[in-house]
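The following paragraphs guide a newcomer through one protein chain. Please keep the sequence and the model in view while reading.

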Amino acid sequence: MNTQDGKLPWHPAFSAALHIEFEDDLEHLHFHEEYPLGTQPMRMDILIIKKDPDVHIRKNIGQIFRTYNVIEYKPPGVSLSINHFYKAYGYACFFQSDLLFRGNIFQSAIAGYQPIIIPAKLLAVTSSE
């Protein structure tokens with residue numbers, strides 16, 4: 001059974017295989033196929049694309065811009081948390097995984113008026129603990 005675009009739908013078969021694999025423990029597990037990641041479509045707050053990598057951006061945060069810059073904004077009164085970091089990092093990862101995308105990504109989070117720079121290398125340190 002192929003889909004309209006001619007591709008074979010592998011997820012139902014894989015899900016069935018997992019049900020078989022965990023047959024003895026099914027009473028303790030609940031499977032969610034094609035589970036939505038949120039109540040709304042995922043959208044970056046701001047994506048800034050630097051048109052020419054050789055151009056020097058004069059403003060403070062712009063000096064460290066890469067080609068693609070994912071900005072997560074929280075208004076005054078909303079404090080940044082580690083969950084905001086993971087959300088913005090996830091957006092950057094989804095963007096990076098796009099087959100058409102090629103380039104460097106910079107991620108930052110801004111709360112109110114003060115930017116907080118969150119380099120992607122931080123995740124490697126955080127996840128290895």
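Glu72 and Lys74 are joined by a salt bridge, in which the closest N and O atoms stand 3.0 Å apart. The structure holds one salt bridge. Both partners, Glu72 and Lys74, are buried. The model in which this pair appears is a predicted one.

From this pair one may turn to the chain as a whole. Three helices and four strands make up its secondary structure. Followed along the sequence, these elements come in the pattern α-β-β-α-β-β-α. The chain has 129 residues, and 20% of them count as buried. Its accessible surface amounts to about 10400 Å², and carbon and sulfur atoms account for 58% of that area. How do contacts in the chain divide by separation in sequence? Of those between residues at least 6 apart, 51% join residues at least 24 apart.

The loop between helix H1 (10-21) and strand E1 (46-49) is a suitable place to continue, and Phe22 lies in it. Phe22 has a relative accessible area of 35%, so it is classed as partly exposed. Together with Leu26 and Leu29, Phe22 forms a nonpolar patch on the surface, and the accessible area of these residues together is about 230 Å². Membership of such a patch requires over 30% relative accessible area, and the 35% of Phe22 agrees with this requirement.

A patch of another kind is built from Glu23, Asp24, Asp25 and Glu27, which gather as negative charge on the surface. Among them, Asp24 is located in the loop between H1 and E1. Is Asp24 buried or exposed? Its relative accessible area is 70%, and Asp24 is therefore exposed, since the term applies over 50%.

Glu34 also belongs to the loop between H1 and E1. Its relative accessibility is 61%, and for this reason Glu34 counts as exposed. The backbone of Glu34 deserves attention as well: its phi is near 50°, a positive value in a residue other than glycine. Most residues other than glycine have a negative phi.

After the loop comes strand E1, where Ile49 is found. With 46% relative accessibility, Ile49 counts as partly exposed. Which residues does Ile49 touch, when those up to four places away in sequence are not counted? They are Thr67 and Tyr68. The C-alpha atom of Ile49 is also separated by 6.2 Å from that of Asn69, a residue 20 places away along the chain.

Asn69 serves as a link to another part of the chain. Its C-alpha atom is 8.4 Å from that of Asn104, although 35 residues separate Asn69 and Asn104 along the chain. Asn104 is placed in the loop between helix H2 (82-97) and strand E3 (105-111). Its relative accessible area of 47% makes Asn104 partly exposed. Leaving aside neighbours within four places in sequence, Asn104 is in contact with Arg66, Thr67 and Tyr68. Thr67 and Tyr68 are thus touched by Asn104 and also by Ile49.

The last stop is helix H2, which contains Tyr89. At 22% relative accessibility Tyr89 counts as partly exposed, because the class of buried residues is restricted to values under 20%. How far apart are Tyr89 and Phe106 in space, C-alpha to C-alpha? The distance is 9.7 Å, and in sequence Tyr89 and Phe106 are 17 residues apart.

How values were computed
Residues numbered from 1 in each chain as written. Predicted model: local features only at pLDDT ≥ 70, side-chain atom pairs only at ≥ 80, totals over all residues. Heavy atoms only, no water. Patch = residues over 30% accessible without salt bridge, like charges linked within 9 Å, V, L, I, M, F, W, Y side chains within 5 Å. Areas by Shrake-Rupley, 256 points an atom, 1.4 Å probe, with all protein chains shown as cover. Salt bridge = Lys/Arg side-chain N within 4 Å of Asp/Glu carboxyl O. Helix = DSSP H or I, 4+ residues; strand = E, 2+ residues; numbered from the N terminus. Buried < 20%, exposed > 50% of the residue type's maximum accessible area, 1.4 Å probe, protein only. Contact = heavy atoms within 4.5 Å. Lys, Arg positive; Asp, Glu negative; His and termini not counted. Charge placed at Lys NZ, Arg CZ, Asp CG, Glu CD.
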